[in-house]
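Dear colleague,

I am handing over the structure we spoke about, and you will find it just below. After it I set out what was found, beginning with the pairing of the strands and ending with a pocket.

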Amino acid sequence: MLKISELLTDDRENPFGISSASPLISWKLESDVNNTYQSSYHILIKSEDNIIFWDSGIVQSDCRVYIKYNGKKLDENKMYFVHLTV
């Protein structure tokens, strides 16, 4: 089973006040089964009031490093949540 660990935004865990227009999202995976890998990912970025700011859709890729945010403009004074499925 795959487990997501170290979910980062601009190389920071649980950041607040990101001023980048296109933050970069990265994560690590852990598995208790040998030869287990990621074949796709789906990222949702939501505001505190559950408004979706970015939906990556399902992306067929094993990439886990520096996925570029491509959604609505973010306000550096607000909190957003990253929902990741691999």
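To begin with one pair of residues, Ile25 stands opposite Ile67, which belongs to strand 5. Please keep in mind throughout that this is a predicted model.

That pair sits where strand 2 and strand 5 (residues 67-68) come together, an antiparallel pairing made over two bridges. Strand 2 (residues 24-31) is also joined to strand 1 by six bridges, and these two strands run antiparallel; here Leu8 has Ser26 of strand 2 as its bridge partner. In general, the strands of a sheet pair through backbone hydrogen bonds, in either a parallel or an antiparallel sense.

There is also an open sheet of three strands, in the order 4-3-6, with antiparallel pairing. Strand 4 (52-59) and strand 6 are its edge strands, each of them pairing on one side only, and from one strand to the next the twist averages 10 degrees. Within this sheet, strand 3 (residues 41-47) pairs with strand 6 over six bridges in the antiparallel sense, and Lys46 has Phe81 in strand 6 as its bridge partner.

Phe81 appears again in the largest pocket, which holds about 490 Å³ of space: of the 23 residues that line this pocket, Thr9, Pro15, Tyr80, Phe81 and Val82 are the closest to its centre. Strand 1 (2-9) and strand 6 (80-85) each supply at least two residues of the lining, and the largest share, four residues, comes from strand 1. By class, the lining has 14 nonpolar, six charged and three polar residues.

With best wishes

Terms used
Residues are numbered from 1 along each chain as its sequence is written. This is a predicted model: local features need pLDDT of at least 70, side-chain atom pairs count only at pLDDT 80 or more; totals for chains, interfaces and linings use all residues. Side-chain values use heavy atoms; hydrogens and water are left out. On a 1 Å grid over the protein atoms alone, a cavity is a set of points where a 1.4 Å probe fits but cannot get out, and a pocket is an open set with protein on both sides within 12 Å along at least five of seven lines; lining residues have an atom within 4 Å of a point. Grid points are joined across faces, edges and corners, and a volume is the space filled by probe spheres set on the points. Ala, Val, Leu, Ile, Met, Phe, Trp, Tyr, Cys and Pro count as nonpolar, Asp, Glu, Lys and Arg as charged, and the others, Gly among them, as polar. Two strands pair if DSSP finds at least two bridges between them. Axes are lines fitted to C-alpha atoms, for helices over the stretch in contact, and angles run from 0 to 180 degrees between N-to-C directions.
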